[in-house]
Amino acid sequence: MSYYKTWMDRSEDAVNQQTYVEYINRYYALEKNAYEQILKAYPDNAEFVEGKAKELAIKLGFAGDSMDIFVGFIDGIKSSLRNADDIDLEAIEDESAIKLDIDYEKLYYNMRDAKADWLFKLPAWKNILDEAKIAEITREYRDASIAHSNKVGRNDPCPCGSGKKYKNCCGRKV
């Protein structure tokens, strides 16, 4: 069975709740450690983002028996990679060549979108993004998350162009 298949089976199998929670918590701890290493070493982090799968996993703190979790980490970061189409998660084996061409701004945005505050609040982000860029990405995320409606409110100007409030114009007819 591939590492990816093992990852999918174990990360989606909530039959035994305690085992599931332990597995996911282990994933979160290893994920955080991996991101800390990648971000702290930026811009000279090639040793953490390129190499053979098993060697890269060990450098990032995924012990030998955690290759399925390492592939889960790659699955999680994949949407933030410039070369995402080049990575076949099903085919990853110990000797597979891995290159994580990370788009850091997109990664930060995706961490916000996942509500992973333990990741987007890592102090190491200051090595990569300045305060203004972090604020800009945060603003973009919030703007994208705001619900928009085409419904006319009672106190809004009437869409007919009369200049009156909707409640005093076309809203009366409803």
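Helices (H or I, at least four residues) and strands (E, at least two) are taken here as DSSP runs, numbered from the N terminus. The model is a predicted one, so local features are reported only at pLDDT of at least 70 and side-chain atom pairs only at pLDDT 80 or more, while totals for chains, interfaces and linings use all residues. Residue numbers start from 1 along each chain as its sequence is written, and side-chain values rest on heavy atoms, with hydrogens and water left out.

Two backbone oddities come up in loops. Pro43 sits in the loop between helix H2 (17-41) and helix H3 (46-49), and the peptide bond that joins Tyr42 to Pro43 is cis, with omega at about 5 degrees. The other case is Lys115, in the loop between H6 and helix H7 (117-120). Lys115 is not a glycine, yet its phi is positive, near 55 degrees. The Lys115 residue also counts as exposed, at 58% relative accessibility; on this scale buried means under 20% relative accessible area, exposed means over 50%, and partly exposed is anything in between (1.4 Å probe, protein chains only).

Moving inwards, helix H5 is largely enclosed by the rest of the structure, because 9 of its 11 residues are buried. The buried set is made up of Met67, Asp68, Ile69, Phe70, Val71, Gly72, Phe73, Ile74 and Ile77. What do the buried residues of H5 pack against? Their partners are H1, H2, helix H4 (53-59), strand E2 (97-99) and H6, with contact meaning heavy atoms within 4.5 Å.

Two of those H5 residues turn up again in the largest nonpolar core, which has 46 residues and in which Phe70, Phe73 and Trp125 have the most contacts. A nonpolar core is a set of buried Ala, Val, Leu, Ile, Met, Phe, Trp, Tyr and Cys residues joined through side-chain atoms within 4.5 Å. At least two residues of this core come from each of H1, H2, H3, H4, H5, H6, H7 and H8, and H2 gives the most, with 8 residues. Leaving aside residues up to four places away in sequence, Trp125 touches Leu39, Tyr104, Leu107, Tyr108, Met111, Leu119 and Phe120.

As for charged pairs, the structure holds 6 salt bridges, each being a side-chain nitrogen of Lys or Arg within 4 Å of a carboxyl oxygen of Asp or Glu. One of them pairs Arg10 with Asp68, with 3.8 Å between the closest N and O atoms. This pair ties together distant parts of the chain, 58 residues apart: Arg10 belongs to helix H1 (residues 3-12) and Asp68 to helix H5 (residues 67-77). Arg10 is partly exposed, at 38% relative accessible area, whereas Asp68 is buried, at 6%.

Lys133 takes part in two more. Its side chain meets that of Glu105 at 3.4 Å, N to O, which again links distant parts of the chain, 28 residues apart, from helix H8 (residues 131-145) to helix H6 (residues 104-113). Lys133 also meets Glu136 in a salt bridge, at 3.3 Å, N to O. Both Glu136 and Lys133 lie in helix H8, 3 residues apart, about one turn of the helix. An α-helix has 3.6 residues a turn, so residues three or four places apart point the same way. Glu105, Lys133 and Glu136 are thus joined in a network of salt bridges. Both acidic members are partly exposed, Glu105 with a relative accessible area of 37% and Glu136 with 30%.
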